[in-house]
Structures are given as C-alpha cells and as structure tokens.
Amino acid sequence: MSSSNVNIIDDNEILSEKLGYQLEEIVLKLINEKQLITIGLSGGSLIDLLVSILPRLQLPWARIRFFFVDERFVPFTSDDSTYSNYQTKLFKKLPITEKNVIQIDPDLKSVELCAQDYENKLIEILDEDDQTFDIVLLGMGPDGHTASLFPDHSVLNVNQGLVTFVKDSPKPPPERVTLTLNTINQSKYKIVVVTGESKSTIVKEVLKDKNTKYPIGQVNDLIWYLDKAAASKL
C-alpha cells in the first residue's frame, strides 16, 4: 500500500532517507516564499531516524527554526527531556546555533507558566500575516496519542492559543507542554512516522477503518511514513 500520503518502507535506513528528502523538498519550496521555516519535532524513535539523514541534507540552516511539538516539564538534565535528547544526538551535528532552536524554560514555577512562555516564544518566530507552522513531525504511541494529546483527555478540547499544558498525563512524566490539536491541524505539512508492530492495530483502525477516536486520527491531511511492522495489518 503506497499512495501520495501513505508510505510503507521495509528498511529504516530507506525510510529515514525518504523522510529527509521530502523535508528537503518542502523546505526548498517554502524558502522562496518566506524568511523563516518552522519545523516541529517530536521525541521517541523519530530522533534516531532524523540523526541518520538531516546532517547530510543541504538546507538553508540559518533560516530554519526547530521547535518541539510537545515537551515534558522536566529539567534539561533529565533523560525525559526531548530537547536534551535532540541536543545530544542531533543538534550538535548540524550547522546551527541556539537561536535556531526554540525550547521551553523548565525552570519556571509551573507547567502553566511554562506553556505561556513557550507560546510567546513561538509567536515571535511566526510571520504576522501567517500564524501557522510550516512542518510538524509527529509520532504515535501504542494508544494512538500524538504530541501530548491523549485519548479521551480534556486536552483534546483546548482550542485557544498555540500551546496548552497537561498536568495528569497517563504516561509519565505527568506534566507536559504541547501544541493544541487545532495548532497541529493548521500547520502546512503534517508528517507522522510510525514504527513497530505494537502500533499496527491502531494504524489499521485509523487508515483503513477511518476511526477518529484516537488523537492521531483527528489530525487532517497527514503524510504517513510506516515501517513494514506498523503497516502489517493494512
């Protein structure tokens, strides 16, 4: 099964390359239209896929702004920090500086303040006449969550603002900052990468059965990258 928005790839190295080259194509198209390109990152297995391809791409790095689709409200010294994982594995391999990466302030007193501060930082990198992000790279959990938008959670109902917070995540750590579902849906390009057989049932329910009860099924116009295991029930 392969179409313009569903890509099933047996080999993770090839999957990584195809994902990277699509990113390159999108960035080079958008760079003629605007000054800064915004790319939202997610944690999990996506990091390792990006590590193997992004340093090889010829991108206008100075004009790219990376940010995080969601982040755990933990110190950067924590293994749970998505920013720290990217800093250790990827960012050091790219010709970028601190100004290219927008991250939360984990030293603020509450996750609510952290979410507001992060939203303010994100607003600063958006065009006044275009308040949408260019690319969001998403993952999907075995429960169908994406970003820190969990099934049947009240966070799915938040429509105001770019960013919101979670204080009772069903998956630890409990406190998180996340883009709202509305913010994700308004982004120009939404790409999800799903690997592993444990996610194959939900992939089938969302893609084949058109089930929208899972948060990932509520994201519109998704471009899917699946490995063979994740796509095994299609």
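Visitor: What does T164 touch, not counting residues up to four places away in sequence?

Guide: In this predicted model, T164 touches A115, V155, V158, R176, V177, T178 and T180, with residues up to four places away in sequence left out. T164 belongs to strand β6, residues 163-166.

Visitor: Why is T164 called buried?

Guide: Buried means under 20% relative accessible area. T164 has 9% relative accessibility, so T164 counts as buried.

Visitor: How far apart are T164 and C114 in sequence and in space?

Guide: They are separated by 50 residues in sequence and by 9.4 Å in space, C-alpha to C-alpha.

Visitor: What makes S16 buried?

Guide: The cut-off is under 20% relative accessible area. S16 has a relative accessible area of 1%, and therefore S16 is buried. S16 lies in helix α1, residues 12-30, and is in contact with L49, S52 and I53, leaving aside its neighbours within four places in sequence.

Visitor: Why is helix α6 described as largely enclosed by the rest of the structure?

Guide: Helix α6 spans residues 200-207, and 6 of its 8 residues are buried, so the helix is largely enclosed. The buried residues are S200, I202, V203, E205, V206 and L207. They pack against β1 (6-9), β8 (189-194) and β9 (222-227).

Visitor: Which residues does W224 touch, not counting those up to four places away in sequence?

Guide: W224 touches N5, V6, N7, V192, V194, V203, V206, L207 and I216, with that exclusion. In the largest nonpolar core, which has 79 residues, W224 is among those with the most contacts inside it, together with L50, F66, F91, L122 and L137.

Definitions and conventions:
Residues numbered from 1 in each chain as written. Predicted model: local features only at pLDDT ≥ 70, side-chain atom pairs only at ≥ 80, totals over all residues. Heavy atoms only, no water. Core = buried A, V, L, I, M, F, W, Y, C linked by side-chain atoms within 4.5 Å. Buried < 20%, exposed > 50% of the residue type's maximum accessible area, 1.4 Å probe, protein only. Contact = heavy atoms within 4.5 Å. Helix = DSSP H or I, 4+ residues; strand = E, 2+ residues; numbered from the N terminus.
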